[in-house]
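Me: I should like to take a close look at a single part of this structure. Please give a connected account of it, and then set it within the chain around it.

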Amino acid sequence: VKVTYISTTGEKTTVEGKAGDSVMQTAVDHGIDGIVGECGGSMACATCHVFVDEAFLAATGEKSDSEEAMLEGAASDVRPNSRLSCQIRLSDALDGLVVQVAEEQM
Ligand code: FES
């Protein structure tokens, strides 16, 4: 499953992720700048905030209420396509996924 991360400076990095892994875990495994995953994916930090490319918004599914609340509470620059990348699991349906890494979080 290919995932492309776009950095805050516009640099693109495409990596090969495993189905079932989260977008956050995949980024950490490949040393993607700006995705820290401080809380290990338990929706408690927002250091994994990304913007999902419009073309993949539907495929990534709906945000849970707790994800929404975390984004609103902790992330800066929240947009309609904001997601916590630890809550997005890779699958074949998401092959080619493009996410933009959000600016540094508090
Ligand atoms: Fe902490 Fe996603 S890794 S909220």
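Which residues does V23 touch, not counting residues up to four places away in sequence?

Reply: The model discussed here is predicted. Leaving aside residues up to four places away in sequence, V23 touches V3, V50, S85, I88, L90 and V99. To see where these contacts belong, it helps to begin with the core, then to follow the sheet strand by strand.

The largest nonpolar core has 26 residues, and V23 is among the members that touch the most other members, together with A46, C48, V50 and V99. At least two residues of this core come from each of strand 1, helix 1 (23–29), strand 3, helix 3 (65–74) and strand 5. Two of the contacts of V23, V50 and V99, are thus also among the residues of the core that touch the most other members.

The chain as a whole provides the setting. Its secondary structure consists of three helices and five strands, and along the sequence these follow the pattern β-β-α-β-α-α-β-β. The five strands form an open sheet with mixed pairing, in the order 2-1-5-3-4. Strand 2 (12–16) and strand 4 (82–84) each have a single partner strand, so they stand at the edges and one side of each lacks a neighbour in the sheet. On average, and with direction ignored, neighbouring strands of this sheet are turned by 35 degrees against each other. As a general point, the strands of a sheet pair through backbone hydrogen bonds, in either a parallel or an antiparallel sense.

V3, one of the contacts of V23, lies on the covered face of strand 1 along with Y5, whereas K2, T4 and I6 form the uncovered face. Strand 1 (residues 2–6) pairs with strand 2 over five bridges in the antiparallel sense. Within this pairing, K2 stands opposite E16, and T4 has T14 as its bridge partner. The two strands form a hairpin with five residues between them, and G10 in the turn has a positive phi of about 90 degrees. Strand 1 also pairs with strand 5, here in the parallel sense and over four bridges; V3 stands opposite L97 in that strand.

V99, another contact of V23, stands opposite V52 in the pairing of strand 3 with strand 5. Strand 3 and strand 5 (residues 97–101) run antiparallel and are joined by three bridges.

V50, also touched by V23, is in strand 3 (residues 49–52), where V50 and V52 point one way and H49 and F51 the other, with all four buried. Strand 3 is joined to strand 4 by three bridges, and these two strands run antiparallel. V50 has R83 in strand 4 as its bridge partner. V50 therefore counts among the buried residues of strand 3, is paired across to strand 4 and is in contact with V23; for a residue to count as buried, 20 or more other C-beta atoms must lie within 10 Å of its own.

The loop between helix 1 and strand 3 deserves attention as well, for A46, which is placed there, is another of the core residues that touch the most other members. A46 is buried, because 24 other C-beta atoms lie within 10 Å. Although A46 is not a glycine, its phi is positive, at about 65 degrees. M43 is likewise placed in this loop and also has a positive phi, of about 60 degrees, without being a glycine. M43, however, counts as partly exposed, because it has 17 C-beta neighbours inside 10 Å. C45 is in the loop between helix 1 and strand 3 too, and it is buried because 21 other C-beta atoms lie within 10 Å. C45 touches E38 and C39, not counting residues up to four places away in sequence. The C-alpha atoms of C45 and L71 are separated by 9.0 Å, although the two residues are 26 residues apart along the chain.

Finally, some values describe the whole chain. Of the contacts with a separation of 6 or more, 68% are between residues 24 or more positions apart. Buried residues make up 35% of the 106 residues. The radius of gyration is 12 Å, which agrees with a compact globule, because a globule of 106 residues would have a value near 13 Å. Taken along the principal axes, the C-alpha atoms fill a box of roughly 30 × 25 × 25 Å.

Definitions and conventions:
Residues numbered from 1 in each chain as written. Predicted model: local features only at pLDDT ≥ 70, side-chain atom pairs only at ≥ 80, totals over all residues. Pairing = 2+ DSSP bridges. Axes fitted to C-alpha atoms, helices over the stretch in contact; angles between N-to-C directions. Buried ≥ 20, exposed ≤ 12 C-beta atoms within 10 Å, placed from the backbone. Core = buried A, V, L, I, M, F, W, Y, C linked by C-beta atoms within 7 Å. Contact = placed C-beta atoms within 7 Å. Rg over C-alpha atoms; globule rule 2.2 N^0.38 Å.
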